[in-house]
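Student: I would like a close look at the largest pocket of this model, and at the helices that supply its lining. Please set out the cut-offs as you go.

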Amino acid sequence: MSALFRSILTVILMMVATFASAVAIKGDDPVYIHLNEIFQIAAPNVCNVVSKDQLALVELRMNGVLTTLKPFDCNPDPVMNKLSFFLPQLQGDNSDRQRETLLGSPWRELKSNFQRDMPFNVSFNNGAGIIILATGTLRFQVLQPPCIVAGFAVILLVGYVLLRMGRDSTLLRDRCTDVLSKCTYSLARVQMAWWFFIVFASYVWLWIVGEGIPDLSTQALGLLGIGSGTYLVAAGVDVTKENHFGESQGFFIDILSDAQGLALYRFQMLVFNVLFGFLFVIYVIQHVSMPDFDSSVLTLLGMSAGTYAGFKIPEKQDKSAANTNGSGGVAAATGSTAAAVVNANADSDPKQGYTPEN
């Protein structure tokens, strides 16, 4: 009889809690939440309805999305019981939908000082049915203005230094002993700098939004590896072959030209790197995570880099052979000219070959 009485009492308390939450809990004041902090949601008589060993059965939904957050304690406040939650830093193992709900497209909240309001409901699912314990609004600070200023200052500083050094030093130019302004720009070095800056800026952006050390995806490492590998091969070819780069004709002409002029394989490599670079940045801004490109994207960029490296070897050989042939031609012409001068002198000198008699 006592067990039946406790069951009936539990059902009555659940019904009371559901009714009270539907009437009283849906307030106008939002619940403020922040990463790596504890927040509490008030629910009438919830500590009597849900025991501590049943807290794992409590579900929290934000914007209709079921989250992985579970209450770790119930505060039996005499005025209003409260469930305590902890919002951890969102890492790669968190639900993608949960991460998108909290952090996705943060610029949408610019007018509200980067504060995002999300309807929520807390329910108790014991297998027999779902009981709504509380509803209301959660207010989340998507971006912190001081972090935005600091992060963008670092990104702009690194970008400025990279551009300035690329123009005023050999950072992005081919090896040469001539005046700096005459040294040509190197496509391999530009590609390496391009992906370095994109991954660096994206990482800083994720730190600004996520307020913690973000994950670095394998795709980002792969892109950095392609840029570094391309530059390594190009540098090896430049060292082993005699270089005759000529004078710089401007940034785009330099990186798109080889010994024969404008080259399609260089144009292809440039277009693909620019395209996927912009797609990388847009994904990071919208989804606040490093993108996981299809493996075929890395394959495509790798093929473009391999084609560039493959053409670079005969490109140097052609340049060296052209200069070698040019030197031989000059020597032959010089010899022929000298012989012609001797013959001409012999014809004009009447005493040439004359031996006087004794």
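Tutor: Helices are DSSP runs of H or I with at least four residues and strands are runs of E with at least two, both numbered from the N terminus. This is a predicted model, in which local features need pLDDT of at least 70 and side-chain atom pairs count only at pLDDT 80 or more, while totals for chains, interfaces and linings use all residues. Residues are numbered from 1 along each chain as its sequence is written, and side-chain values use heavy atoms, without hydrogens and water.

The largest pocket holds about 750 Å³ of space; a pocket is an open set of points on a 1 Å grid over the protein atoms alone, where a 1.4 Å probe fits and protein lies on both sides within 12 Å along at least five of seven lines, and its volume is the space filled by probe spheres on points joined across faces, edges and corners. Its lining numbers 32 residues (each with an atom within 4 Å of a point), of which Leu162, Ala193, Trp194, Phe197 and Ile198 are closest to the pocket centre. At least two lining residues come from each of α4 (145-168), α5 (187-210), α7 (251-256) and α8 (264-287), and α5 gives the most, with ten.

Taking α4 in more detail, the distance of 34 Å between its end C-alpha atoms agrees with the 34 Å that its 24 residues should span at 1.5 Å a residue, where the expected span is 1.5 Å times one less than the number of residues. Leu162, one of the residues closest to the pocket centre, is buried in α4, as are Ile148, Gly151, Ile155, Gly159 and Gly166; buried means under 20% relative accessible area, exposed over 50% and partly exposed in between, with a 1.4 Å probe and protein chains only. Proline 145 also belongs to α4, and it counts as partly exposed because its relative accessibility is 34%. The C-alpha atom of proline 145 is separated by 8.4 Å from that of asparagine 113, although their positions lie 32 residues apart along the chain.

α8, another contributor to the lining, has 24 residues and reaches 34 Å from its first C-alpha to its last, close to the expected 34 Å. Its buried residues are Tyr265, Arg266, Met269, Leu270, Asn273, Phe276, Gly277, Phe280 and Val284, and the helix is followed by valine 288, whose phi is positive, near 55 degrees.

For context, consider the strands. An open sheet of three strands has the order β2-β6-β5 with antiparallel pairing, two strands being paired if DSSP finds at least two bridges between them. Its edge strands, β2 (37-42) and β5 (73-75), each pair on one side only, and six bridges join β2 to β6 (82-87), alanine 42 having lysine 82 as its bridge partner.

Strand β3 (58-62) has four of its five residues buried, so it is largely enclosed by the rest of the structure. It pairs in the antiparallel sense with β7 (115-125) over five bridges, where methionine 62 stands opposite phenylalanine 120, and in the antiparallel sense with β4 (65-66) over two bridges, where arginine 61 has leucine 66 as its partner. β3 and β4 form a hairpin with two residues between them, and asparagine 63 in the turn has a positive phi of about 55 degrees.
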